[in-house]
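Please look over the chain shown here before reading the briefing that goes with it. The points are grouped by topic, for a reader who is new to this structure.

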Amino acid sequence: MTKLFFRLAFLGLGGFLLYVFGGTTVKTVWYRATGEVVEGRISGFLAGRNSPSVQMESTGVRKGKRRARRPVFRYPVAAGATDSLEGRSSAATFFTFTQYDLHERVPVVFAKGKPEDAYLFGIQMILMNTLLSLFAIYMMSIGIRGKV
């Protein structure tokens, strides 16, 4: 019974992580290929996991360790447009030295006609989401096979 519980837990958690991080990776790459690409700027960084406040520092101290914060970016709704939107990244980078800088220019991708669903197109963001997706697939394989 305990084995079944852990197998289902690995399968469920792996599926959830794959949905969250894999979906973000696929949308980012798909929007880069078929959607619009505009140049945005980093306007700040989220203070915490669930905090809506925006900070100016790219790293923060959590439990005595420096952690990279998730970037907040401002981008135009179309190439050459004057009005803009603000987006928040769903993931931070692995290391603080690969973190974005304040006011750094970044490529932003979104679907044509749907600028409110935007993603940063950066190698550090795609790498982070891809590694987490591979970890989720590994967790699901543990849940299915029952072996590490």
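What follows is a briefing on the cores, the second helix, the surface patch and the salt bridges.

The model is predicted. Its largest nonpolar core has 12 residues, a second and separate core has 6, and the structure holds 2 salt bridges.

**Nonpolar cores**

- The largest nonpolar core is made of Val38, Ile42, Phe45, Phe73, Tyr75, Tyr100, Val106, Val108, Phe110, Ala118, Leu120 and Met125, and at least two of its residues come from each of β1 (36-46), β5, β7 (105-111) and β8.
- Val106, a member of this core, touches Val38, Glu39, Gly40, Arg41, Ile42, Tyr100 and Leu120 when residues up to four places away in sequence are not counted.
- Among the 6 residues of the second core, which is separate, are Leu17, Phe21, Ala91 and Ala136.

**Helix α2**

- Helix α2 (residues 123-145) has 23 residues and spans 32 Å from its first C-alpha to its last, which is close to the 33 Å expected at 1.5 Å a residue.
- The buried residues of α2 are Gln124, Met125, Ile126, Met128, Asn129, Ser133, Ala136, Met139, Ile142 and Gly143, and they pack against α1, β5 (71-76) and β8 (114-120).
- Two of these buried residues also appear in the cores, with Met125 belonging to the largest one and Ala136 to the second.
- After α2 comes Gly146, whose phi is positive, near 80 degrees.

**Nonpolar surface patch**

- Met1, Leu4, Leu8, Leu11 and Ile144 make a nonpolar surface patch of about 560 Å², and helix α1 (residues 2-34) supplies the largest share of it, 3 residues.
- Leu4, which lies in helix α1, counts as partly exposed because its relative accessibility is 48%, a value between the limits of 20% for buried and 50% for exposed.

**Salt bridges**

- Side chains of opposite charge can pair when their charged atoms come close.
- Glu39 and Arg105 form a salt bridge in which the closest N and O atoms are 3.5 Å apart, and this pair links distant parts of the chain, with Glu39 in strand β1 and Arg105 in strand β7, 66 residues apart.
- Arg105 is exposed, since its relative accessible area is 52%.
- Glu86 and Arg74 form a salt bridge whose closest N and O atoms are 3.5 Å apart, joining strand β6 (residues 84-88), which holds Glu86, to strand β5, which holds Arg74, across 12 residues of sequence.
- Glu86 is partly exposed, with a relative accessible area of 38%, and Arg74 counts as partly exposed at 38% relative accessibility.

How values were computed:
Residues are numbered from 1 along each chain as its sequence is written. This is a predicted model: local features need pLDDT of at least 70, side-chain atom pairs count only at pLDDT 80 or more; totals for chains, interfaces and linings use all residues. Side-chain values use heavy atoms; hydrogens and water are left out. Patches are made of residues with over 30% relative accessible area and no salt bridge: like charges are joined within 9 Å, nonpolar side chains (Val, Leu, Ile, Met, Phe, Trp, Tyr) within 5 Å. Accessible areas come from the Shrake-Rupley method with a 1.4 Å probe; for residues, only the protein chains shown count as cover. A salt bridge is a side-chain nitrogen of Lys or Arg within 4 Å of a carboxyl oxygen of Asp or Glu. Helices (H or I, at least four residues) and strands (E, at least two) are DSSP runs, numbered from the N terminus. Buried means under 20% relative accessible area, exposed over 50%, partly exposed in between (1.4 Å probe, protein chains only). The expected span of a helix is 1.5 Å times one less than its number of residues. Contact means heavy atoms within 4.5 Å. A nonpolar core is a set of buried Ala, Val, Leu, Ile, Met, Phe, Trp, Tyr and Cys residues joined through side-chain atoms within 4.5 Å.
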